[in-house]
Amino acid sequence: GKGYNVIGRRGDETGKRIAVTAHIDAKKGTPGAIDNATGVVVLLLLSDLLRNYDGNKLIEIIAFNREDYYSVPGQMNYLEANGNSISNILLNINIDGAGYREGPSAFSMFDLPVEILDHTKNVIDHFEGLTEGAQWVQGDHSIFIQYGVPAIAVSSKWLIDNMTDHDVTHTPKDNIGIVDCTKIVEIALALNNLIRLI
């Protein structure tokens, strides 16, 4: 069958872009609660929070399809459609693996300019359930990093810390029972604040 990316835009069409991403697919045989239904919920909440955004950036909310399968065709389609305009992206924020019930939510930062780095650290300090996370590359933010776009990957600290030896994602254990919904709301509120600061 065919799959599609879903993209919503708000803000100044001529401005630099902030691309906020999450993938909408899940591996066969898993409910995909934190990989990646929670990421999609953050996109929906953030879309609502930004409904009155009128800043000088173009905010793109992107639901990528088929991240969890070979050759990431959703990412490839986005790159093909955007061609040379990737350089107009100021920042990618990718949500994947967020909302796990144990530990804080983690913001992993990749090559952020000083001003965006300062804003991000201020937002992290403002929310009790957020922390800075170790860098990891197994997500949609990688394609942006490869093209020289600064990125923030939002996930669960527990998941990042146990990435090589956990048995949650891509299994039947990735179900609604492992999700803390208050963390999803906190992430959306924090990202709304961050985008408005930028």
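This report walks through selected residues, pockets and ring pairs of one predicted model.

Residues are numbered from 1 along each chain as its sequence is written, and side-chain values use heavy atoms, with hydrogens and water left out. Because the model is predicted, local features need pLDDT of at least 70 and side-chain atom pairs count only at pLDDT 80 or more, while totals for chains, interfaces and linings use all residues.

## Threonine 21

Start with strand S2, residues 17–23, which holds threonine 21. Helices (H or I, at least four residues) and strands (E, at least two) are DSSP runs, numbered from the N terminus. Is threonine 21 buried or exposed? Threonine 21 counts as buried, because its relative accessibility is 0%. Buried means under 20% relative accessible area, exposed means over 50%, and partly exposed lies in between (1.4 Å probe, protein chains only).

The side chain of threonine 21 also makes a polar contact, at 3.2 Å, with the side chain of asparagine 92. A polar contact is a pair of N or O atoms within 3.5 Å; within protein, one must be able to donate a hydrogen and the other to accept it, and residues adjacent in sequence count only if both atoms are side-chain atoms. Leaving out residues up to four places away in sequence, threonine 21 touches Leu43, Ile62, Phe64, Asn92, Ile93, Asn94, Ile95, Asp140 and Phe144. Contact here means heavy atoms within 4.5 Å.

## Two pockets

Rolling a probe the size of a water molecule over the atoms shows where empty space is left. The search runs on a 1 Å grid over the protein atoms alone; a pocket is an open set of points where a 1.4 Å probe fits, with protein on both sides within 12 Å along at least five of seven lines, and lining residues have an atom within 4 Å of a point. Grid points are joined across faces, edges and corners, and a volume is the space filled by probe spheres set on the points.

| Pocket | Volume | Nonpolar lining residues | Polar lining residues | Charged lining residues |
|---|---|---|---|---|
| Largest pocket | about 260 Å³ | three | seven | four |
| Second largest pocket | about 160 Å³ | three | five | one |

In these classes, Ala, Val, Leu, Ile, Met, Phe, Trp, Tyr, Cys and Pro count as nonpolar, Asp, Glu, Lys and Arg as charged, and the others, Gly among them, as polar.

The largest pocket has a volume of about 260 Å³. Its lining has 14 residues, and those closest to the centre are Asp35, Trp136, Gln138, Thr169 and His170. The second largest pocket is lined by Gly3, Tyr4, Asn5, Ile7, Asn65, Arg66, Pro73, Gly74 and Asn77. Helix H2 (residues 73–82) supplies the largest share of that lining, three residues.

## Aromatic pairs

How many aromatic pairs does the structure hold? There are four. Rings of Phe, Tyr and Trp (its six-membered ring) pair if their centres lie within 6.5 Å; planes under 30 degrees apart count as stacked, over 60 as edge-to-face and the rest as tilted.

Tyrosine 78 and phenylalanine 144 form a tilted pair, because their ring centres are 5.9 Å apart and their planes stand at 55°. Tyrosine 78 lies in helix H2 and phenylalanine 144 in helix H4 (residues 141–146), so the pair ties together parts 66 residues apart in sequence. Both tyrosine 78 and phenylalanine 144 are buried.

Tyrosine 100 and tryptophan 158 are stacked, because their ring centres are 4.5 Å apart and their planes lie at 25°. This pair links distant parts of the chain, 58 residues apart: tyrosine 100 is in the loop between strand S4 (89–95) and strand S5 (105–110), and tryptophan 158 is in helix H5 (residues 157–161). Tyrosine 100 is buried at 5% relative accessibility. Tryptophan 158 is partly exposed at 21%.

Phe64, Tyr78 and Phe144 make up one aromatic cluster.

## Backbone details

Asparagine 36 sits in helix H1 (residues 33–49) and is buried, with a relative accessible area of 2%. The peptide bond leading from aspartate 35 to asparagine 36 is cis, with omega near 20°.

Two residues other than glycine have positive phi: aspartate 111 at about 55° and histidine 170 near 65°. Aspartate 111 is in the loop between S5 and helix H3 (114–126), and is exposed at 63% relative accessible area. Histidine 170 is in the loop between H5 and helix H6 (181–197), and is partly exposed at 38%.
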